[in-house]
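Hi everyone, thanks for coming. Let me put the sequence and the model up on the screen, and then I'll walk you through it.

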Amino acid sequence: MIGTLLLALLLLLLLHLQLCICLEVIRAAEMVTQLAMEEEAAANAMAANSSRRMPRVIIIGVRKGGTRALLEMLNLHPDIEVARSEIHFFNLDENYERGFGWYLAQMPLSLPYQLTVEKTPGYFASPKAPARIYDMNSSIRLLLIVRDPAERLISDYTQVLYNRKERRKPFQSLEQLVLRKGKLNTNYKAIQRSLYDVHLTNWLRFFSLGQIHIVDGDVLIQDPFSEVEKVERFLKLRPRILRSNFYFNQTKGFYCLNTEGREKCLDESKGRPHPAVNRSILRKLCDYFSEHNERFYKMVGRTFSWCGNNSRV
């Protein structure tokens with residue numbers, strides 16, 4: 001009799017335990033469902049508030065100065081959405097004639113608190129871009145990356161050289177393009193693009209220097225975090241990009257990005273070695289750029305260590 005009672009009690013305890021387990025499973029399932037519903041609601045709310053917005057920040061150049069690297073670095077910030085492609089809206093007539101509706105359609109979806117950032121390095125040397133951007137938004141903030149103008153020229157040439165080789169098209173040596181009868185060919189586009197003072201003068205007709213943040217492209221290669229920190233402050237963003245987001249890739253020879261355990265490096269078109277350049281040509285380039293550099297230093301109120309040696313694009 002006692003044995004039967006004990007067995008009954010044991011069965012009751014087992015049933016109670018199973019009931020408790022079932023209730024916990026149900027509660028856990030309800031919590032998961034509730035969380036999923038809340039996440040879906042939050043996602044729907046974000047989607048409802050997201051739309052395409054005109055950029056409030058534009059990276060205007062310079063070509064081969066590190067604009068893609070800077071864009072990828074800024075994309076780490078949660079308060080920034082970037083346009084992935086170069087739009088070439090303000091510097092190409094055929095795109096500008098499509099109107100601001102077309103331009104807006106090229107922008108990413110963003111939330112009201114986020115800054116949309118577009119970058120087209122062709123804007124800086126474009127005579128028409130400053131006035132057109134001013135007409136869109138006179139209070140816009142602009143990011144300009146500059147680097148050693150002679151090295152920028154060589155990087156410019158290197159990109160064209162690789163592209164022509166890949167397409168099996170004929171190409172000229174840098175010396176053939178830079179020199180004409182022993183003198184510098186100052187009409188060569190790559191030389192013209194390195195005349196920072198000339199182009200900045202055009203921008204300052206429309207924008208104050210306070211609207212233009214100068215990024216040192218040479219420092220961006222060597223210590224990206226310090227330059228990105230300055231950009232965050234200029235854009236009045238919360239400091240969210242960390243030094244740990246950057247790591248030096250020994251194989252590639254430059255810094256890559258690390259976010260949430262995922263690593264990302266720029267594509268193979270970056271970091272390509274420069275062709276050998278005759279020292280006498282480098283001296284001619286540095287001599288030619290020196291006066292323009294000095295004027296640029298005075299315009300921006302700072303100096304740069306230019307006409308050094310740098311072997312990367």
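**Strands, rings and a bent helix**

Let's start with one pair of residues: Val146 stands opposite Asp216 in strand S9. Before going on, a word about the source: this is a predicted model, where local features need pLDDT of at least 70, side-chain atom pairs count only at pLDDT 80 or more, and totals for chains, interfaces and linings use all residues. Residues are numbered from 1 along each chain as its sequence is written, and side-chain values use heavy atoms, with hydrogens and water left out.

Some vocabulary for the names you'll hear: helices (H or I, at least four residues) and strands (E, at least two) are DSSP runs, numbered from the N terminus. Two strands pair if DSSP finds at least two bridges between them.

So which strand does S9 pair with? S6 and S9 pair in the parallel sense over five bridges. On to S2: four bridges join S2 to S6, and these two run parallel. Here Val57 stands opposite Arg141 in S6. S2 (residues 57–61) is also joined to S5 by three bridges, again running parallel, and Ile58 stands opposite Glu118 in S5. S3 and S5 run parallel too, with three bridges joining them; there, Glu81 has Thr116 in S5 as its bridge partner.

How covered are these strands? I'll call a residue buried under 20% relative accessible area, exposed over 50%, and partly exposed in between (1.4 Å probe, protein chains only). In S5 (residues 115–119), five of five residues are buried. Leu115, Val117 and Lys119 lie on one side and Thr116 and Glu118 on the other, so to speak, and both faces are covered. For S6 (residues 141–146), five of the six residues are buried.Now for the second sheet. This one is open and has three strands in the order S10-S11-S12, with antiparallel pairing. Why are S10 and S12 left without a neighbour on one side? Strand S10 (246–249) and strand S12 (262–264) stand at the edges of the sheet, and each has a single partner strand. Neighbouring strands here are turned by 35 degrees against each other on average, direction ignored; the axes behind that angle are lines fitted to C-alpha atoms, for helices over the stretch in contact, and angles run from 0 to 180 degrees between N-to-C directions. S10 and strand S11 (residues 254–259) pair in the antiparallel sense over four bridges, and Phe246 has Leu257 in S11 as its bridge partner.

Next, the aromatic rings. How many aromatic pairs does the structure hold? There are 22, counting rings of Phe, Tyr and Trp (its six-membered ring) whose centres lie within 6.5 Å; planes under 30 degrees apart count as stacked, over 60 as edge-to-face and the rest as tilted. Take Phe89 and Trp102, a stacked pair with 6.1 Å centre to centre and 25 degrees between the planes. This pair links distant parts of the chain, 13 residues apart: Phe89 is in the loop between strand S3 (80–82) and helix H3 (93–96), and Trp102 is in helix H4 (residues 100–105). Phe89 is buried, at a relative accessible area of 0%, whereas Trp102 is partly exposed at 22%.

My other example is Tyr134 with Phe206, a tilted pair at 6.0 Å centre to centre and 50 degrees between the planes. Tyr134 sits in helix H5 (residues 129–136) and Phe206 in the loop between helix H9 (196–203) and strand S9 (212–216), 72 residues apart. Tyr134 is partly exposed at 35% relative accessibility, and Phe206 is partly exposed too, at 30%.

Back to Phe89 for a moment: together with Phe90, Tyr96, Phe100, Trp102, Tyr103 and Tyr123, Phe89 forms one aromatic cluster. The charged end of Arg132 sits over the ring of Tyr96, 4.1 Å from its centre; that wording needs NZ of Lys or CZ of Arg within 6 Å of the ring centre and within 35 degrees of the ring normal.

Last stop, helix H12 (residues 279–300). H12 has 22 residues and reaches 29 Å from its first C-alpha to its last, close to the 32 Å expected at 1.5 Å a residue; the expected span is 1.5 Å times one less than the number of residues. Where does H12 bend? The bend is at Ser290, by about 40 degrees, taken as the angle between axes fitted to the seven residues ending there and the seven starting there. Among the buried residues of H12 are Ile281, Leu285, Phe289 and Phe296. Just after H12 comes Gly301, with a positive phi of about 75 degrees.

That's the tour. Thanks for listening!
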